[in-house]
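Hi there,

Here is the structure I promised to pass on to you. Have a look at it first, and then read my notes below.

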Amino acid sequence: MGDESTRTAYRARAAEYIRILGSVEDMHELDQQLIARWSASINGQIIDAGCGPGHWTSYLHGQGATIEGIDLVPEFINDARRRFPEVPFRLGSFIAMESADRIASGVLAWYSLIHISPDDVPLALREFARILVPGGHLLIGFFDGLPRTPFPHAVTTAYYWSVEQMERLLNEAGFDVLDVETRHDTGKRAHAAISAVVR
C-alpha cells in the first residue's frame, strides 16, 4: 500500500486507535523489555519511524533516549504533541525521509512496515540504512508468516513477512542481523522482532 492510502485509513480511525493502543501499558510486557534494552544500548539520536500516537517514543524518552517520532498521520502527531509535549514529533514518510545522511544512531520501526507494499519494503530498509551512522542500530517488529501475504488488518491491509525473508532483505539493504525474537500468543498472529546494525 502507498503512503496516502495508509494515511487515509488511519486518519479515519485515529481516535479509536489512540484509545485502544495509544499507551505503552497496552503493549506486551516482553515488547516493553525488548525495546527498552535495545534503546539502552544506543548512544545518540533515535528515530521512531512510524511512531503512531507516540507512546513508544515517549516511553524511550522517559528512559533517557534522545528520540524523535515520525508518522504519516496528522491526528497521531497532533495527539502525541499534546500528550507528550517534551518529545519532538513531526509528519513524514520513512520511505523518503527528510533527514540527512548518517544522522541517527538508531531507528525503531515497530510494526510500521506492515502496511507497506512488499515491493517498497526494500526502499524503506535502504532509507533506514541511509540515515544511520555506520554501526547504527535498527529494531523492527512485524507479523511472522508467509512472506508478502496480505491479510485484513483491523485498520487496513497488512502483510506477513517470514524471519528468513526479512533477514535477507536486511542483508541486501546493508544490515547485519544481530538477534531475532519470535512469539506466538494464543489467539494472536505470530510476532517477530529483528535487531540489526548497518555494516
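How many salt bridges does the structure hold? There are twelve salt bridges in it. Please keep in mind as you read that this is a predicted model.

Let me begin with Arg183 and Asp31, whose side chains meet in a salt bridge with 3.1 Å from N to O. This pair links distant parts of the chain: Arg183 sits in strand S8 (residues 175-183) and Asp31 in helix H3 (residues 29-40), 152 residues apart. Are these two partners buried or exposed? Arg183 counts as buried because its relative accessibility is 17%, and the cut-off for buried is under 20%. Asp31 is buried as well, with a relative accessible area of 7%.

Arg183 also has a salt bridge with Asp185, where the N to O distance is 3.0 Å. Asp185 counts as partly exposed, at 23% relative accessibility. Through shared partners, the salt bridges join Asp31, Arg183 and Asp185 into one network. Try finding Arg183 in the viewer, with its bridges to Asp31 and to Asp185.

Another pair to look at is Asp101 and Arg130, which form a salt bridge whose closest N and O atoms are 2.6 Å apart. Asp101 lies in the loop between S3 and strand S4 (104-110), and Arg130 in helix H6 (residues 121-131), so this salt bridge ties together parts that are 29 residues apart in sequence. Here Asp101 counts as exposed, at 51% relative accessibility, while Arg130 is partly exposed at 24%.

Now for a part of the structure away from the salt bridges. Ala14 lies in helix H2 (residues 14-21), and Ala14 is buried, with a relative accessible area of 3%. Which residues is Ala14 in contact with, leaving aside its neighbours within four places in sequence? They are Glu75 and Phe76. Ala14 and Asp79 are 65 residues apart in sequence, yet their C-alpha atoms are 9.5 Å apart in space.

Phe76 and Asp79 are both among the buried residues of helix H5 (residues 74-83), together with Pro74, Ile77 and Ala80. What do the buried residues of H5 pack against? They pack against helix H1 (3-12), H2, strand S2 (66-71) and strand S3 (89-91). H2, as you may recall, is the helix that holds Ala14.

Happy exploring, and do write back with your questions!

Best wishes

Notes:
Residues are numbered from 1 along each chain as its sequence is written. This is a predicted model: local features need pLDDT of at least 70, side-chain atom pairs count only at pLDDT 80 or more; totals for chains, interfaces and linings use all residues. Side-chain values use heavy atoms; hydrogens and water are left out. Helices (H or I, at least four residues) and strands (E, at least two) are DSSP runs, numbered from the N terminus. Buried means under 20% relative accessible area, exposed over 50%, partly exposed in between (1.4 Å probe, protein chains only). Contact means heavy atoms within 4.5 Å. A salt bridge is a side-chain nitrogen of Lys or Arg within 4 Å of a carboxyl oxygen of Asp or Glu.
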